[in-house]
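Visitor: Please show me the model, and then let us work through some of its residues and helices one at a time.

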Amino acid sequence: LPKASPASAVSAKNRRIKAKSELWNLEAIGAYEAQQYGSGEGIAVAIIDTGVDYTHSQLRQRFGSSKGYDFVKNDDEPMDESGHGTHVAGIVAASDYGVAPSSLLYAVRVLDQNGSGTEADAIAGIEWCIKNGIAVANMSFGGPVASQALEEICQYAWEQGILLVAAAGNNGYGANYPAAFGDSVIAVAAVDENLEHPDFSSIWETNDIAAPGVNIVSTYLNESYASLTGTSMASPHVTGALSLAKSLAASESSELEEIMKETADKRSEPEVFGAGIIRA
């Protein structure tokens, strides 16, 4: 696999964001209103990525005795050495930064400290999710081509009821797999603070939904925080919103995806925004 979706404007912050208004992304998707009803309680969410810093004060209560699995080092300590996965995890479930801050997180490490990995590890990571009862899995990585084996495991995971959510890509136009596999994977494009299309967010016919992906503040390595940009950041907003929805409704995954699309803030140009901007 190519590197995880690149980020820009990296700025580690050794402080908490105190004002909710600074977290424009959560405001934009109605996360605070949604959290009045639920926050992902009891929903198992996998972050298939570079690992997660599960010692971070904003995240450690989201992990149980099993942290997940590290397919790069082949052990059960999937610690992040990049920062990318920790940032993604924070958008899903960090105490002050997450869409669904009561979700039960699992780190499934398939990418190394440089954000690179093999398709075989990605397949193994999805298989791990199937075997371990994961409800929603976030995949903020991808590339322009993919094997039939990766497509088949995504299809099988979807048939088993797992919601697979993936970044649509940062190349401006074209397919980014696994997001572009179609029905089995929810492809997430990015919007900026004006809820408009940023040039980097890939336009493609399989885009399902859009979410904030520019200057997103979240958790980072060594008890720090960072502002990152990319469809890698958009995808976990959808993962968090689906976790929140699953904690409130005993619906089939396909039904939740339809509800997600029906309640989206509608936009024209489905190849750009999919069904529209997610409303948690």
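Visitor: Is Ser 218 buried or exposed?
Guide: In this predicted model, Ser 218 belongs to strand β8, which spans residues 216–220. Its relative accessibility is 0%, and since a residue under 20% is classed as buried, Ser 218 is buried.

Visitor: Which backbone nitrogen lies 3.2 Å from a polar atom of the side chain of Ser 218?
Guide: Leaving aside neighbours within four places in sequence, Ser 218 is in contact with several residues, including Thr 86, His 87, Gly 90, Tyr 97 and Tyr 225. Ile 91 is also in contact with Ser 218, and the backbone nitrogen at 3.2 Å from a polar atom of the serine side chain is that of Ile 91.

Visitor: At what angle do helix α3 and helix α6 pack?
Guide: Helix α3 covers residues 84–93 and helix α6 covers residues 231–248, with their axes 8 Å apart. The crossing of α3 past α6 is right-handed. On the α3 side the contact includes His 87 and Ile 91, and on the α6 side it includes Met 233 and Pro 236. The angle at which α3 and α6 pack is about 35°.

Visitor: How many charged residues are there in the contact of α3 with α6?
Guide: The residues of this contact divide into 5 nonpolar and 6 polar, and the number of charged residues is none.

Visitor: How many residues has the largest nonpolar core?
Guide: Ile 186 is among the residues with the most contacts inside this core, together with Leu 105, Ile 209 and Val 238. Ile 186 is itself in contact with Ile 209 and Val 238. Apart from this core lies another, of 29 residues, including Trp 128 and Met 139, whereas the largest nonpolar core has 50 residues.

Notes. Residues numbered from 1 in each chain as written. Predicted model: local features only at pLDDT ≥ 70, side-chain atom pairs only at ≥ 80, totals over all residues. Heavy atoms only, no water. Helix = DSSP H or I, 4+ residues; strand = E, 2+ residues; numbered from the N terminus. Buried < 20%, exposed > 50% of the residue type's maximum accessible area, 1.4 Å probe, protein only. Polar contact = N/O pair within 3.5 Å; in protein donor to acceptor, adjacent residues only side chain to side chain. Contact = heavy atoms within 4.5 Å. Axes fitted to C-alpha atoms, helices over the stretch in contact; angles between N-to-C directions. Left-handed = near helix turned anticlockwise from the far one by under 90°. Nonpolar A, V, L, I, M, F, W, Y, C, P; charged D, E, K, R; others polar. Core = buried A, V, L, I, M, F, W, Y, C linked by side-chain atoms within 4.5 Å.
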